[in-house]
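User: Hey, I'm new to this one. Can you walk me through it?
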Amino acid sequence: MILQGKNALVTGASRGIGRAIAIELARQGANVAVNYAGSEARAEAVVQEIEQMGLKSFKVQADVANESDVKEMVKAVTSKFGSLDILVNNAGVTKDNLLMRMKEAEFDQVINTNLKGVFVCTKAVTRQMMKQKSGKIINVASVVGVTGNPGQANYAAAKAGVIGLTKTTAKELASRNIYVNAVAPGFISTDMTDQLTEEQRAGMLAMIPLAKLGTPQEVANVVRFLASDDASYITGQTIHIDGGMVM
Amino acid sequence: MDEIFDRVKALIVDHLDVEQEKVTMEASFKDDLEADSLDVVELIMELEDEFDMEIADEEAEKLSTVGDAVDYINSVQ
């Protein structure tokens with residue numbers, strides 16, 4: 001139980017990788033606030049699963065790119081839990097299209113949620129973490145932010161942005177004992193990847209040395225490590241969880 | 001005014017670990033009190049707590065001396 005007594009907020013935690021992260025942090029002893037955008041019932045299911053482990057949890061609806069929503073959310077977490085030790089910026093959306101066909105709105109929406117959302121949430125928790133003189137922020141980026149990916153100009157740009165934001169925030173806040181790292185998942189089996197065609201799937205598998213998809217749990221395992229004091233000399237890094245796809 | 005100055009001064013002495021005598025109304029946070037930009041942000045946060053008020057980012061950016069902070073707090077209290 002390496003996160004005993006810690007309080008965490010996970011954005012986009014109602015499903016997929018975010019859900020696995022929320023549950024894994026709880027399994028290690030953390031109380032977890034479950035942020036969601038639309039899937040209230042699924043968020044509630046995550047809350048119940050965490051409560052069954054004897055830990056505190058609650059769901060909180062907020063658009064991560066909306067500063068006033070996020071301020072309210074962070075206030076709710078600190079008033080219910082008393083502190084905020086771990087923020088996992090996981091919320092993300094995709095709106096894939098070839099650059100030539102991508103609409104401005106599709107670009108903006110993905111940048112807003114996936115990049116601006118990380119900025120807004122990070123800024124909102126920083127005050128609390130500076131007061132505590134401790135904190136762990138883990139951003140969920142993506143290998144496509146490093147490699148690029150046809151059809152994902154918006155998503156790849158946002159995720160590359162998250163990596164730059166991670167490094168900058170790590171440098172700004174290191175003196176206050178706040179750690180900021182990113183994970184870059186590769187091909188992980190979730191609702192998002194289920195939308196890919198068989199052809200896309202086969203093409204991606206051919207590029208993965210471990211020749212299999214990752215699981216949300218495999219991402220959650222690394223986030224749990226970065227959220228713990230075991231990672232006490234690691235900040236500003238992006239850890240790839242991709243079966244060796246990008247080296 | 002003096003009471004506000006004394007409270008601000010106590011906070012600064014504690015937070016920036018500087019000698020009392022250096023904290024005058026004219027003292028600049030960055031130049032005279034050797035605060036870096038993050039120290040100033042933190043100091044503003046502590047002033048907000050101490051005086052139970054919110055200082056907007058645009059206002060906070062204008063506060064460069066101890067006197068600026070005291071005057072600002074005085075003007076909104």
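Analyst: Sure. Keep in mind that this is a predicted model. Chain B has four helices and zero strands, and along the sequence they follow the pattern α-α-α-α.

User: How compact is chain B, as a chain of 77 residues?
Analyst: Its radius of gyration is 11 Å, close to the 11 Å that the globule rule gives for 77 residues, so chain B is as compact as a globular protein of that length. The C-alpha atoms of chain B fill a box of roughly 25 × 25 × 20 Å along the principal axes.

User: And what share of chain B counts as buried?
Analyst: 47% of the 77 residues do. As for the outside, chain B exposes about 4,400 Å², with carbon and sulfur atoms supplying 42% of that.

User: What about charges in chain B, how many are there of each sign?
Analyst: There are 5 positive and 26 negative charges in chain B, and their mean positions are 4 Å apart.

User: Switching topic: how many aromatic pairs does the structure hold?
Analyst: Just one, over all chains. The partners are F58(A) and F81(A), with ring centres 5.5 Å apart and planes at 70 degrees; over 60 counts as edge-to-face, so that is what this pair is.

User: Where do those two sit in chain A?
Analyst: F58(A) is in strand β3 (residues 57–61) and F81(A) is in helix α3 (residues 67–81). They are 23 residues apart, so the pair links distant parts of the chain.

User: Are they buried or exposed?
Analyst: F58(A) counts as buried at 11% relative accessibility, and F81(A) counts as buried at 10%. The cut-off for buried is under 20%.

Technical notes:
Residues numbered from 1 in each chain as written. Chains lettered and ligands numbered in written order. Predicted model: local features only at pLDDT ≥ 70, side-chain atom pairs only at ≥ 80, totals over all residues. Heavy atoms only, no water. Rg over C-alpha atoms; globule rule 2.2 N^0.38 Å. Buried < 20%, exposed > 50% of the residue type's maximum accessible area, 1.4 Å probe, protein only. Areas by Shrake-Rupley, 256 points an atom, 1.4 Å probe, with all protein chains shown as cover. Lys, Arg positive; Asp, Glu negative; His and termini not counted. Charge placed at Lys NZ, Arg CZ, Asp CG, Glu CD. Phe/Tyr/Trp six-rings, centres within 6.5 Å; stacked < 30°, edge-to-face > 60°.
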